[in-house]
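Could you walk me through this fold, from one local spot out to the sheets, the salt bridges and the overall shape? Here is the model to look at.

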Amino acid sequence: MRRKVDKILKPKSIAVIGASEREDSRGTIVLKNLLEASFKGKIYAINLKHQKVQGLPVYRSIHKVQAPVDLAIICTPTDTVLKLVKDCGEAKVGGLLILSSGFVVKSEDSQQIFQKISHIARKYGMRIIGPNCLGFLNPRLNINASITPKMALPGNIAFISQSGALATSILDWSVDQSVGFSYFVHLGAPMDIGFADLIDYFGADPFTSCILIYMENLQDARKFMSAARAFSRNKPIIVLKAGQSREGKQAALTHTGVLSGDDEIFQAAFDRVGIIRVDTIAQLFNSAHSLAMQPRPKGNRLAVVSNAGGPGVLATDYLVSKGGALAPLSDLSLNKLNELLPDNWSKTNPIDLLSTATPEQYSKAVELCIKDFDVDAILVILTPTLFSDPVETARELVRLSKRCPKPVLASWMGETDVREGREILEKGGIPNYRFPESAVYVFVRMYKYTQDLVSLYETVPATPQSFTPDRETARKIIYRALEQGRKVLFEGEAKNLLKCYDLPVGRTLSSRNVQEILDFAEEIGYPIVMKIVSQDIGHKSEVDGVVLNIQSPKEAKEAFRNILNNINRLRPEARIEGILAEKMVFKKYELLFGARKDPLFGPVLFFGRGGLAAEVHQDVSLGLPPLNMSLAKKIIEQTRVFPLLKGYKNLEGVNLEELEFMLLKFAYLVMDFPEILEVEINPYVADKKGGKVLDAHIVLDTQLPIGKTKMYNHLAISPYPGRKYSKDVILKDGRSALLRPIMPEDEPLLVKMLENASSQSLYLRFFGHVPKVTHKWLTRFTHIDYDREIAIVAQIKNEDGTSELMGVVRIIEDAWGESAEYAILVADKYQGLSLGNLLTDYILEIARERGIKKIVASVLPTNSGMIHMFEKRGFSIDRSSLEAYEVSLNLF
């Protein structure tokens, strides 16, 4: 499939359908741009009327071209596009770029045309960019397949935009600022190739080091999340997302025809996959500039070196306000600076070298900061003074940065006086900003990006205890309500549903009979709480439908009467099912958590401060399922109430591990049942001894067919497929082992397996390169995206109750799921038990079930055991290379 995108973005031959010489014609402009950019491949002009266009011979149709055409650019009116796409398919064109505008994305007619075009393209195996787009540029290959007036400079940044006007403005700016691109693409109204496809493509492109996106909306969240997750740890993905405000959201809908979605949910999604979010165009390119040129900082401590006090102070204020910190200079650094600088220098960080600072003083001060272990990055500020030398100072900074493992950023303030110095910095790989605040912002974003990746891929602690939800009982509760035509569960049903997932709920009784409630109260003990039960009433306290702290039978009778009277007075139309009674619980902290199903990202979890004042506090953190203990912890830590929950001064906190585990279990509930539209648990009360659900409101999605929705299709991130891909096997020696998908929590077991593996086994698995086993390296094997990779481990339980990994086999799919690369490792002490055969046969079975067409692998010529196993299973083996044999197996 990558080869099909190559046909569009790296074509060797291009046909312009609708090529013309009419000045206002898209065909005229794109053909002119292709010729002026000096495209090295063949260009064919297609036009029904002319004999020659812009010096090129004209073909009346694509069928008349007697040579292979990689890319056809369609520039004709919208009513001609459908037939032309069919013609291109019949002519075996590689891919299509549809520049034709006028498709109204929201109209039913356009949608029907889109579907017909997509069907034809799939039939002939063509990929499409467009329609309603400006086109794309590939500066490295001199391709300007667009209607933009300028050619981009070559560089290592790939840019994807949903706005044509913004794209042209940025292109104009980039030429002036000497910012280069590996690719520059305007998506238009994408009917085929979208963000995810291009992230996959640019992520694997050796000429791209950073991916920039201007986004107004998103159509396939799961595909996007999978692509971003696959590449964000190696190549920064920076997104400027429009539609943050209600008005901006509506403008995005009008512009693209797709609702832009809730901004807070987009932020949670970006955080989950390691995407850098910015707010302005300047921040988009400033961040890209630095991440493409400089190493990532290991911490948030910045040293500021300046020849003026004011800019240093402003940089400091902005740094601290954005979560950074001034680096504390070591005594050694301070002593050497005292020897180097005049007596009245600042004596601290920011390092004010004074207006008389020379290039040599700048150089030595920066060198000291580079050597100081407490400094994570350096910002060098220069203001033009009578004594400053912007050019020579820039040269010194470039010289130092060549061997510097820390980020070095510069702010040469001013214009004419510092222009030459800026050019030297840019050519030397040091990003320069006109204002110190811009440089500080970039540094903080670089640090946050580093930290986000660390937290996303940190070693995951095991769950505190085993957890098996009662899915069958939960299913019955949900389906019964739906079959009765109800979209809201009664509170007792809601709590029973939560109980199925081991969430802490107390005993309840719902009854229309006051005596039954009195008997129940005697059984559980006073004080109790009483609440109205009605599917028509969501927030019970707003209609005086709750009475707390009932101490006696007399108070209970009175509460029963008062609740019914209140409902009859305030909501006379409400259907009353009864009164619910439960034990009154007193705990220190009132929290809330829950979920709601977003139309784009599926279930979104929320956690924060609860109680009656929840809306006042507005202290809620969002996250996307699935969760593990680390991700649950991160959601909790992002709230303002977290310092209190962990314990503050003499205030006792809560049992955080239990809270994290509860959030993890709750996530399984909304993952397992797409029928759940909304859940709100408020309050959930907690202290050091534990917590309890006091109230729960659950709304169901009545639009879904009952029991017919495919499991987990509603999620934006593929969950752990343990229920689907697990089975017990018997080894040759009679022992049983469990084959199951790998998970992040397996890291300690994987470490142990690798430590006990022989050099020979590691040599055969990693082709001579025996890796250094570090956490960062291991995350590539344990923190995987199950949509595009499956690793099956063989686990055995020892007599002492401990577990071991015996081996692991994996297939890594290409971005389009057509082929997958196979690899296997069996621990030495478990070799000879046919475990390799069992693992291989199981992974091939999984590959067929997932629709993978081909399995490929590499094997060393000396690995006779693996070669024999491949031969037995019908793999074809290419022995042409002496370094490694290439093997493959067609599954379909």
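## A phenylalanine to start from

Phe 231 counts as buried because its relative accessibility is 16%, where buried means under 20% relative accessible area, exposed means over 50%, and partly exposed is in between (1.4 Å probe, protein chains only). Before going further: this is a predicted model, with local features needing pLDDT of at least 70 and side-chain atom pairs counting only at pLDDT 80 or more, while totals for chains, interfaces and linings use all residues. Residues are numbered from 1 along each chain as its sequence is written, and side-chain values use heavy atoms, with hydrogens and water left out.

Back to Phe 231, which you'll find in helix H7 (residues 221-231). Helices (H or I, at least four residues) and strands (E, at least two) are DSSP runs, numbered from the N terminus. Leaving aside residues up to four places away in sequence, Phe 231 touches Ile 199, Asp 200, Gly 203, Ala 204 and Arg 788; contact here means heavy atoms within 4.5 Å. Ile 199 is 32 residues from Phe 231 along the chain, and their C-alpha atoms are separated by 7.7 Å.

## Two open sheets

Strands of a sheet pair through backbone hydrogen bonds, either parallel or antiparallel. For the bookkeeping, two strands pair if DSSP finds at least two bridges between them.

One open sheet has seven strands in the order E9-E8-E11-E10-E12-E13-E14, with mixed pairing. Its edges are strand E9 (143-146) and strand E14 (276-278), each pairing on one side only. From one strand to the next, the twist averages 20°; axes are lines fitted to C-alpha atoms, for helices over the stretch in contact, and angles run from 0 to 180 degrees between N-to-C directions. Inside this sheet, strand E8 (residues 135-138) runs antiparallel to strand E11 (residues 180-186), with three bridges between them. Gly 135 has His 186 in E11 as its bridge partner. Helix H1 (residues 2-9) lies across E8, E9 and E11, at about 90° to E8.

Another open sheet has eight strands, again mixed in pairing, in the order E30-E31-E32-E33-E34-E35-E37-E36. Here the edge strands are E30 (727-730) and E36 (876-878), and each pairs on one side only. The twist averages 25° from one strand to the next. Strand E31 (residues 736-741) pairs with strand E32 (residues 789-797) in the antiparallel sense over four bridges, and Arg 740 stands opposite Val 793 in E32.

## Salt bridges

How many salt bridges does a search of the whole structure find? It finds 51, a salt bridge being a side-chain nitrogen of Lys or Arg within 4 Å of a carboxyl oxygen of Asp or Glu. Some examples:

| Basic residue | Acidic residue | N to O distance |
|---|---|---|
| Lys 665 | Asp 502 | 3.1 Å |
| Lys 540 | Asp 695 | 3.1 Å |
| Arg 571 | Glu 573 | 2.6 Å |

Take Lys 665 and Asp 502: Lys 665 sits in helix H24 (residues 656-672) and Asp 502 in the loop between helix H18 (491-500) and strand E20 (508-511), so their salt bridge ties together parts that are 163 residues apart in sequence. Lys 665 is buried at 7% relative accessibility, whereas Asp 502 is partly exposed at 38%.

Lys 540 and Asp 695 form a salt bridge too, and both residues are buried. Their salt bridge links distant parts of the chain, 155 residues apart: Lys 540 is in the loop between strand E21 (528-533) and strand E22 (546-550), and Asp 695 is in the loop between strand E28 (690-693) and strand E29 (696-700).

As for Arg 571 and Glu 573, which also form a salt bridge, Arg 571 is partly exposed with a relative accessible area of 23%, and Glu 573 is exposed at 52%. Elsewhere, salt bridges with shared partners join Glu 491, Lys 495, Lys 531, Lys 540, Glu 582 and Asp 695 into one network.

## The whole chain

Zooming out, the protein's secondary structure comes to 29 helices and 37 strands. Its C-alpha trace spans about 95 × 80 × 65 Å along the principal axes. A compact globule of 892 residues would have a radius of gyration near 29 Å, and the protein's 32 Å agrees with that; the radius is taken over C-alpha atoms, and the globule rule is 2.2 Å times the number of residues to the power 0.38.

Of the 892 residues, 57% are buried. Among contacts with a separation of 6 or more, 70% come from residues 24 or more positions apart.
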